[in-house]
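User: Please take a close look at a single part of this structure, one helix and what surrounds it. I would like a connected account that moves from that part outward.

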Amino acid sequence: MELKKLAMRAAEQYAHILNIEAVMLVGSVSRDWQDEFSDIELLIFWRQAPSDEERQQIIRQLGGELLEFHPYEEEEWAETYTVDGVKLEISSFLTETIRQTIHQVTRELDVDPDKQCIVAAVQYGIPLYGDAAIEQLKKQVEHYPLELQEAGINYYSDFGSRWNNREALVHRKDWLMFYKVVVSVQTNIMGLLFGLNRQFIPHPAFKWQRSLEKSSG
């Protein structure tokens, strides 16, 4: 099944709920990075906190099979379900929470990768419903602040004290600890690269590395 068509079909159902202000297609499909393992990721903007019934009724209307249904946690409601064998991952936020997150990243220079992920989703996501509301948010993330670049470089250039002890870990053959340190440093290097290139981090675990290399090449 063509993933964007299914995303549009889902968005049409979400649009019937008055409490929903906008729906956006995000993730790999929104940037044409999808492969045979990709699912559909939707970002839902709510005017007020959604009820469980509001969240579940769309799944029923789509004939979906619920896989996961999470309560409100860290300012997000999340659920996962399948439709015609395709997995949909839904992230729901109050529109005001999205606005606050954008302000925290672009004005308060918050380098938190989870928050930058939301900002990147708004920047590159495809509006499926509520174009006017989404366009207002997109205008706020058009430019990557120079001050955020400096904050990110300062944050990610600290590799931690264990990196200084890497030779001891190798000598002792403490391989698991050594590998953990190496991965931590690699993660920081990815953060540095995003800062140097003035790009919002699109995934907190730096997913889609090959696609990012192609798009920046």
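Analyst: The account below begins with helix α4 and then follows its surroundings to other parts of the chain. The model is predicted, and the distances and accessibilities given here are computed from it.

Helix α4 spans residues 113–124 and contains 12 residues. From its first C-alpha to its last it reaches 16 Å, close to the 16 Å expected at 1.5 Å a residue. At its N-terminal end the helix is capped by D112, which places a side-chain oxygen 2.8 Å from the backbone nitrogen of D114.

The buried residues of α4 are P113, Q116, I118, V119, A120, A121 and V122. Their cover is drawn from several elements, including the strands β1 (20–26), β2 (40–46) and β5 (86–94). Helices also contribute to this cover, among them α3 (95–106), α5 (131–140) and α6 (146–156).

Strand β1, one of the covering elements, can be followed through V23, which is found in that strand. V23 is buried because its relative accessible area is 0%, under the 20% cut-off. Not counting residues up to four places away in sequence, V23 touches A11, Y14, L43, I44, F45, I126, P127, L128, Y129 and I134. With F45, the C-alpha to C-alpha distance is 6.2 Å, although the two residues are 22 places apart in sequence.

F45 also leads to N19, a residue of the loop between α1 (3–14) and β1. Leaving aside neighbours within four places in sequence, N19 is in contact with F45, W46, R47, Q48, A49, P50 and E54. N19 counts as buried because its relative accessibility is 13%.

The loop between β1 and β2 holds S30. A polar atom of the S30 side chain lies 2.7 Å from the backbone oxygen of G27. Apart from neighbours within four places in sequence, S30 is in contact with L25, Y124, G125 and I126; the span of α4, residues 113–124, takes in Y124. S30 counts as buried because its relative accessibility is 11%. I126 is thus a contact of S30 and also of V23.

Charged pairs are the next topic. The structure holds 9 salt bridges. In one of them the side chains of D32 and K4 meet, at 3.0 Å from N to O. D32 lies in the loop between β1 and β2 and K4 in helix α1, so the pair ties together parts that are 28 residues apart in sequence. D32 is exposed because its relative accessibility is 53%, whereas K4 is partly exposed, with a relative accessible area of 28%.

A salt bridge also joins D52 and R55, with the closest N and O atoms 3.7 Å apart. These two residues belong to helix α2 (residues 52–61) and, being 3 residues apart, are separated by about one helical turn. An α-helix has 3.6 residues a turn, so residues three or four places apart point the same way. The accessibilities of the two partners are 45% for D52, which counts as partly exposed, and 0% for R55, which is buried.

E53 forms a salt bridge with R60, and here the closest N and O atoms are 2.5 Å apart. E53 is partly exposed, with a relative accessible area of 41%. A network of salt bridges links D39, K87 and E89; of these residues, K87 and E89 fall within the range of β5 (86–94), one of the elements covering α4.

Finally, the account turns to the surface. V170, W175, L176 and Y179 make a nonpolar surface patch of about 440 Å². Helix α9 (residues 175–196) gives the most to this patch, with 3 residues. Y179, which is placed in α9, is partly exposed because its relative accessible area is 47%.

Helix α8 (residues 166–172) contains H171. H171 counts as exposed because its relative accessibility is 69%. The C-alpha atoms of H171 and L42 are separated by 48 Å, and the two residues are 129 places apart along the chain. L42 falls within the range of β2 (40–46), an element that helps to cover the buried residues of α4.

Note on methods: Residues numbered from 1 in each chain as written. Predicted model: local features only at pLDDT ≥ 70, side-chain atom pairs only at ≥ 80, totals over all residues. Heavy atoms only, no water. Helix = DSSP H or I, 4+ residues; strand = E, 2+ residues; numbered from the N terminus. Expected span 1.5 Å × (residues − 1). Buried < 20%, exposed > 50% of the residue type's maximum accessible area, 1.4 Å probe, protein only. Contact = heavy atoms within 4.5 Å. Polar contact = N/O pair within 3.5 Å; in protein donor to acceptor, adjacent residues only side chain to side chain. Patch = residues over 30% accessible without salt bridge, like charges linked within 9 Å, V, L, I, M, F, W, Y side chains within 5 Å. Areas by Shrake-Rupley, 256 points an atom, 1.4 Å probe, with all protein chains shown as cover. Salt bridge = Lys/Arg side-chain N within 4 Å of Asp/Glu carboxyl O.
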